[in-house]
Amino acid sequence: MIFKQYRYEPLGQASHLVASSEARQGFAIDPIADLGPDFYLLEAADMGVTLVGVLETHLHADYISCARELAARAGVPHHLHECAAGRVRYQFSPLKDGQHLSAGKVELEVVWTPGHTPEHVSYLVRDRSRGAEPWFVLTGDSLLVGDVGRPDLLLGDATFDVMDEGERAATLYRSIRDRLFALPDHVEVYPNHFGGSSCGGINLSGKASSTIGMEKLLNLPMSQPDAAGFASFVRETSRPVPHGYKTIKAINLGLAEKERGAPAIALNALAVDMALTRGAVVLDVRPALRFAAGHLPGAVNLQFNRDDLADRALSALPQDLDIIIHGEPEAVAGEAAGLLTGAGFRVAGYLRGGLAAWEGAGKTVATLRVLSVEDLRERISDYQVIDARERHEYRRGHIEGAFLLSSTSAWGDASSVPNHLTLAVHCADVARGGLVASILTRAGRDVSLVAGGMNAWREQGYPEVRETANHG
Amino acid sequence: MKVNNVIEDRVLDARGLMCPMPVVKASRELMLMQPGQVLKVIASDRAARTDFPAWVEDVGHQLLRSGQESNGTLVFYVRKREESE
């Protein structure tokens with residue numbers, strides 16, 4: 001038996017490869033476009049395995065699948081549950097509940113587990129060279145570790161969604177209770193998602209495997225007394241819906257093409273440097289304090305967060321910039337590039353190899369001074385304090401003499417800042433401060449970033465100025 | 001969902017968003033609503049507890065009710081102000 005779990009951390013997604021070590025044949029399950037068909041073909045080739053099928057547990061709404069391309073490249077069938085027929089706009093090899101697929105003595109049994117989506121199946125795996133007992137189950141987005149797949153990602157079109165959210169939740173509950181929890185306790189569980197994936201809820205574990213016995217004991221949604229309790233628990237503990245899920249699902253159904261623009265290009269330090277001389281802007285999506293410790297000169301700091309990076313970029317930056325992303329690890333840069341391209345920004349590519357590659361190429365690294373609130377309080381007269389929060393936050397309490405330059409208006413208003421030798425920029429914590437400090441640095445100002453911001457200032461009991469709200 | 005006989009007209013799920021997006025998005029939602037309609041905002045950021053009411057007061061909407069659920073999420077019910085105010 002050969003078994004590999006490929007964990008793609010930026011999306012909390014796990015794809016799998018199951019193969020027979022004797023027959024050297026195997027299956028790829030739920031391959032993701034972010035890794036790409038080449039990745040799976042090379043992995044299989046490295047192990048001397050020939051793919052005999054590409055399987056999907058279901059049609060995904062949170063990442064773009066590469067199952068079709070991989071199956072075409074390998075010249076093997078692309079398998080989905082039969083009830084995907086009529087909904088997807090491409091040919092596939094339909095699977096029935098209870099059907100067996102074999103690679104040598106490794107056997108996958110199709111277990112229909114609808115709920116997250118109507119065509120959702122799990123794959124129960126046996127290694128008959130060891131015995132007939134099932135060993136593990138690939139549960140897709142049905143049973144997750146500590147949680148379950150959300151049942152509410154509906155396209156809103158009856159052609160594609162045969163059940164509403166409430167029905168789906170009840171169906172998912174029965175699928176898990178009657179099909180998966182009927183398996184022996186020792187059977188291992190390998191789901192499609194872990195960690196921060198928005199296909200699970202707030203109870204989703206960062207660990208990407210478990211056992212049926214463990215989940216029967218401690219899975220919170222499945223500990224609810226009945227299907228109705230399960231449905232409301234799942235609804236109350238879900239995360240925000242995945243960014244652009246309708247588009248992603250439409251692509252996976254074959255109704256839409258993958259992004260119109262080219263995928264993000266990895267640029268070496270030389271290429272980035274050339275783009276900068278032509279006026280491109282580096283968008284550094286690392287946390288503010290890592291940005292402060294070293295970044296590309298002139299870079300703008302906007303910390304990555306999958307759920308709102310595009311929205312924050314839209315609220316803070318003009319769309320007509322030529323952007324180069326600096327993110328570490330690079331997978332984050334790639335994802336940031338995708339999110340910003342989707343929001344209409346022009347993304348030229350991302351820096352390959354991160355800051356180390358930039359430094360290794362002999363390029364200058366800029367830094368941003370960081371002050372503690374104690375430093376600031378002690379030498380407050382040396383600084384013009386810049387408050388990067390919104391007006392309502394400023395009114396509720398700010399440092400005396402602070403100039404309000406909200407992160408959402410700093411790009412356009414940087415020149416309005418009083419001309420004072422050194423600026424000390426803060427926000428509530430540090431993320432928006434990093435953005436505004438980087439914009440002011442680009443504007444040629446001498447800037448320090450206050451770590452901990454207003455929260456730390458208040459914790460120290462330092463004085464603040466309050467304004468009363470002015471209605472209308 | 002009813003809270004003290006308040007029924008929301010729209011729901012904004014702002015969980016997982018960084019500052020100042022919960023407020024920016026709530027502002028955008030309210031702009032699309034009619035005066036007197038109620039927006040329910042769900043937030044996970046602890047700073048929202050004081051921040052969000054401050055913003056509502058600042059822009060002249062009415063905070064009908066706020067609370068914290070057992071799983072830690074915060075919920076606010078905001079009634080959109082009349083245009084004349």
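Colleague: What makes strand 1 of chain A and strand 2 of chain A a pair, and in which sense do they run?

Modeller: In this predicted model, strand 1 of chain A and strand 2 (residues 13–20) of chain A are joined by seven bridges in the antiparallel sense. Pairing requires at least two bridges, so the seven found here satisfy the criterion. Within this pair, Arg7(A) has Ala14(A) as its bridge partner in strand 2 of chain A. The hairpin formed by the two strands has four residues between them, and there Gly12(A) takes a positive phi near 55°.

Colleague: How do you know that strand 3 of chain A and strand 4 of chain A are paired?

Modeller: Five bridges join strand 3 (residues 25–29) to strand 4 (residues 50–55) of chain A, and the two run parallel. The threshold is at least two bridges, so these strands also count as a pair. Phe27(A) stands opposite Gly53(A) of strand 4 of chain A. Helix 2 (residues 67–74) of chain A packs on the sheet and touches strand 3, strand 4 and strand 5 (78–81) of chain A. The direction of helix 2 of chain A makes about 150° with that of strand 4 of chain A.

Colleague: Why is the sheet of chain A called open, and why is its pairing called mixed?

Modeller: The six strands follow the order 1-2-3-4-5-6. Strand 1 (2–8) and strand 6 (93–95) of chain A stand at the edges with a single partner strand each, so one side of each has no neighbour in the sheet. The pairing is mixed: strands 1 and 2 of chain A are antiparallel, whereas strands 3 and 4 of chain A are parallel. From one strand to the next, the twist averages 25°.

Colleague: What makes the meeting of Glu57(B) and Arg396(A) a salt bridge?

Modeller: Their side chains meet at 2.7 Å, N to O. The limit is 4 Å between a side-chain nitrogen of Lys or Arg and a carboxyl oxygen of Asp or Glu, so this pair qualifies. Between chain B and chain A the count is three salt bridges. On the side of chain B that touches chain A, helix 1 (21–31) and helix 2 (48–59) of chain B are the elements that give two or more residues. Helix 2 of chain B supplies the largest share, six residues. By type, the residues on that side are nine nonpolar, four polar and 10 charged.

Colleague: How much area do chain B and chain A bury between them, and which three residues supply most on the side of chain B?

Modeller: The two chains bury about 2,100 Å², 53% of it on carbon and sulfur atoms. Arg15(B), Met18(B) and Asp58(B) supply 30% of the area that chain B buries against chain A, more than any other three residues.

Terms used: Residues numbered from 1 in each chain as written. Chains lettered and ligands numbered in written order. Predicted model: local features only at pLDDT ≥ 70, side-chain atom pairs only at ≥ 80, totals over all residues. Heavy atoms only, no water. Buried area = accessible area lost by both parts, 1.4 Å probe. Nonpolar A, V, L, I, M, F, W, Y, C, P; charged D, E, K, R; others polar. Axes fitted to C-alpha atoms, helices over the stretch in contact; angles between N-to-C directions. Contact = heavy atoms within 4.5 Å.
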